[in-house]
Amino acid sequence: MKDILNRMLNHEELSREEMKQILIGITQSEYPNEQITALLTALQMRGVTVDELLGFRDGILETGVPVPLQCDRYIDVVGTGGDRKNTFNISTTSCFVIAGAGYKVAKHGNYAATSTSGASNVIAHHGIKFTDDIDRLNRSINECGIVYLHAQLFARAMKFVGPIRKALQFPTIFNLLGPLVNPSQPSCQLLGVANLDQMRLYNNVYQRLGIDYGIVNSIDGYDEISLTGAFKVTTNQYERIFQPHDLGFDIIKPEELVAGATEDEAARIFDSVLENRCLPGQKQVVLANAAFGIQVLEHGQKSIEECVDIARRSIDSGAALQTFRKFVELNS
């Protein structure tokens, strides 16, 4: 580690394999906290490279709990978090809309860090028991089209750096890793990022991983499609800036997307979207995010208008709600 830190002071980049071995060494308590702190700080000040991010990803997956799902093609819809917009659970709701439309979803998530309700908060609020039992996880995705993977059960490496991250109180490379360490390693992902620098970084990462992807960013800083203004999407097939009206939607007021002050309020909004009795803006923003997820699953072969229609039918027909009820039945 002394050699690594000296190289960092000389602004050198680390290889993917070096970063993987460092992560494994962290899980084996090979380094004092002071050295790990110095490494994380140096990486943050210089900026993380694609190889460095992939190396830590490799290490987390190798030291974690794998989830081999008996399913050929499925998607994860996730945001980087940290946009401090306190939106309701848009990505998680979108996942049930996608599953209700007949696709497969392996949603990876955690408790909230900067908002009222993260994915794990709203899932647990409905009585779901988190599990790493592979048979139960496979039963969920095969019988209701969706499985939920609570991050803390799988990424064992994170507990070794938890106290350091808390003490540092600024973002580190670990804040970038959440979307990349789904233990089932899906071949499709829709990722929301909070800024265009992150979009470029993850675009290069996904190209290296060779998966089908969509990365979205609302120009006004949301790490998802907010419909509060223009938003950018980059996929395997295209890179484009959209306006809400391109999807047949209105511009939404930011206050329509707020989760509220409590987990109860956030859960009520989640329920109201699936039950098709929410505010028009809340439904539209879920439809937009679900639609781009569906387009990724369809290899980009369907127009976004077609994908919006598929998502809308999932809610309007009650299929999304029925999928969620089955999910609760299987996982409670």
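**Strand E5, the cavities and the cores**

Let me start with strand E5, which is mostly covered, with 6 of its 7 residues buried. Keep in mind that this is a predicted model. E5 pairs with strand E4, residues 188–192, in the parallel sense, and there are 5 bridges between the two. One detail of that pairing: Leu191 has Ile215 in E5 as its bridge partner.

Now the cavities. The structure holds 3 of them at 30 Å³ or more, and the largest has a volume of about 50 Å³. Which elements give two or more residues to the lining of that largest cavity? They are E5, spanning 212–218, and helix H12, spanning 280–297. The lining residues are Asp212, Tyr213, Thr235, Asn236, Gln237, Tyr238, Gln295, Val296, His299 and Gly300. By class, that lining has 6 polar, 3 nonpolar and 1 charged residues.

On to the nonpolar cores. As background, nonpolar side chains in soluble globular proteins tend to be buried together. Here the largest nonpolar core has 60 residues, and the members that touch the most others are Ile75, Phe88, Ile98, Leu247, Phe292 and Phe327. H12 supplies the largest share of this core, 10 residues.

Take Leu247 as an example. Leaving aside residues up to four places away in sequence, Leu247 touches Phe231, Phe242, Ala288, Phe292, Ile304 and Val308. Apart from the largest core lies another, of 43 residues, and Met1, Tyr31, Phe174 and Ile215 are among them. That brings us back to Ile215, the bridge partner of Leu191.

Key:
Residues numbered from 1 in each chain as written. Predicted model: local features only at pLDDT ≥ 70, side-chain atom pairs only at ≥ 80, totals over all residues. Heavy atoms only, no water. 1 Å grid on protein atoms, 1.4 Å probe; cavity = no way out; pocket = protein on both sides within 12 Å on 5 of 7 lines; lining within 4 Å. Points joined across faces, edges and corners; volume = space filled by probe spheres on them. Helix = DSSP H or I, 4+ residues; strand = E, 2+ residues; numbered from the N terminus. Nonpolar A, V, L, I, M, F, W, Y, C, P; charged D, E, K, R; others polar. Core = buried A, V, L, I, M, F, W, Y, C linked by side-chain atoms within 4.5 Å. Buried < 20%, exposed > 50% of the residue type's maximum accessible area, 1.4 Å probe, protein only. Contact = heavy atoms within 4.5 Å. Pairing = 2+ DSSP bridges.
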